[in-house]
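Dear colleague,

I am passing on to you the structure below, together with some notes on its ligand and its pockets. Please look at it first, and then read on at your own pace.

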Amino acid sequence: MLKLAIVGASGRMGRNLINAIMDDEAVTLGAATEASDHPLLGQDAGVVTGRGACGILLQDTLNPDDFDALIDFTRPHVTIKHIKLCAAHNKPIIIGTTGFNPEERAAIDTAARHLSIVLAANFSVGVNLTLKLIETASRVLGDTADIEIMEAHHRYKVDAPSGTALRMGQVVADTLGRDLNTDAVYGREGHTGEREQQTIGFATVRGGDIIGDHTVLFAEDGERVEITHKASNRLIYANGAIRAAKWAMLQPAGLYDMPDVLELN
Ligand code: NAD
């Protein structure tokens, strides 16, 4: 039985991960952590998620003997600490956290030389299929269409555009030989001038309890193609992350993404 550690266990994703683990007979919860000032420390992780007691209490430290792989949906600086712990004890880490800066991203690349890491901007199987569809549409329409990426999330999301929107932009850029560093336009205001064809636009909406909507628009003269994914339940990410953890246990050191896990490449 695969023992998983869930960090950020009482967060939105943490609770869904614990729920998903309790419904999966192939895995078990080995450890659950929260920030050292968190009011729920010491509570049973199962109770915190609204399920029955599971015997694992929320703690602010991790014992590497308690788990085989770690799943981290927290904040970038927290995730970087967990990568160091996993690297020291050779435990695969599944990272859902978004919003890494270039320095933190480089630290992940370095750790992956000796550790199996799955880093995905989005663990949903549907989103990863959507990325494939975006690649196809970019190949067929990209030279003539104006491409815009729109995303909407709940009011608590702290980074923008979403990691998934950026990933979608990267797929478009890679397929068309464009550079997101120079061709991305993050919002428009005032006298912007006419749209330049090679740009890839991003628009962000934040509000309510929207779990995650993404649309890539390919706008031609006379017709538009829109590729949309809408998440209505965070369990899709939790189930994807657990699938990734099972898969990562069997892989050599390296930095992997969900298309690797799903063999979409
Ligand atoms: P959240 O704020 O609800 O949860 C984060 C949790 O981490 C909080 O409970 C917080 O107390 C805890 N935490 C903070 N410091 C900690 C520490 N030192 N040790 C242990 N826990 C600590 O956030 P969320 O909505 O669950 O999202 C978390 C991250 O996951 C965000 O970056 C979000 O963008 C990302 N996310 C990714 C995907 C994906 O598929 N890749 C899906 C959903 C969310």
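A backbone N or O atom of Gly11 lies 3.3 Å from an oxygen atom of the ligand, and please keep in mind throughout that the model is a predicted one. At Glu34 it is the side chain that takes part, since one of its N or O atoms is 2.6 Å from an oxygen atom of the ligand. A nitrogen atom of the ligand, in turn, lies 3.0 Å from a backbone N or O atom of Ala120. The ligand on its own has 850 Å² of accessible area, and the protein covers 82% of that area.

Around the ligand there are 22 residues, and those that come nearest are Arg12, Met13, Glu34, Thr98 and Phe123. Sorted by class, this shell consists of eight nonpolar, ten polar and four charged residues.

Where, then, does the ligand sit? It sits in the largest pocket, which has a volume of about 1000 Å³. The lining of this pocket is made up of 40 residues, and Met13, Phe73, Thr74, Arg75 and Thr97 are the ones that lie nearest its centre. Met13 therefore deserves a second look when you open the model, as it is listed both among the residues that come nearest to the ligand and among those nearest the centre of the largest pocket.

Helix 1 (12-22), helix 3 (76-89) and helix 6 (163-176) each supply at least two residues of the lining of the largest pocket, and helix 3 gives the most, with five residues. By class, the lining of the largest pocket divides into 15 nonpolar, 17 polar and eight charged residues.

The second largest pocket has a volume of about 740 Å³. It is lined by 25 residues, of which Phe100, Arg105, Gly163, Leu166 and Arg167 are the closest to its centre. Two or more residues of its lining come from each of helix 4 (102-111), helix 6, helix 7 (180-183) and strand 12 (254-256), and helix 6 gives the most, with four residues. In the lining of the second largest pocket there are twelve nonpolar, eight polar and five charged residues.

Helix 6 is thus worth following in the view, given that it supplies residues to the lining of the largest pocket and also to that of the second largest pocket.

With kind regards

Key. Residues are numbered from 1 along each chain as its sequence is written. This is a predicted model: local features need pLDDT of at least 70, side-chain atom pairs count only at pLDDT 80 or more; totals for chains, interfaces and linings use all residues. Side-chain values use heavy atoms; hydrogens and water are left out. A residue is near a molecule or strand if one of its heavy atoms lies within 4 Å of it. A polar contact is a pair of N or O atoms within 3.5 Å; within protein, one must be able to donate a hydrogen and the other to accept it, and residues adjacent in sequence count only if both atoms are side-chain atoms. Accessible areas come from the Shrake-Rupley method with a 1.4 Å probe; for residues, only the protein chains shown count as cover. On a 1 Å grid over the protein atoms alone, a cavity is a set of points where a 1.4 Å probe fits but cannot get out, and a pocket is an open set with protein on both sides within 12 Å along at least five of seven lines; lining residues have an atom within 4 Å of a point. A molecule sits in a cavity or pocket if more than half of its atoms lie within 2 Å of its grid points. Ala, Val, Leu, Ile, Met, Phe, Trp, Tyr, Cys and Pro count as nonpolar, Asp, Glu, Lys and Arg as charged, and the others, Gly among them, as polar. Grid points are joined across faces, edges and corners, and a volume is the space filled by probe spheres set on the points.
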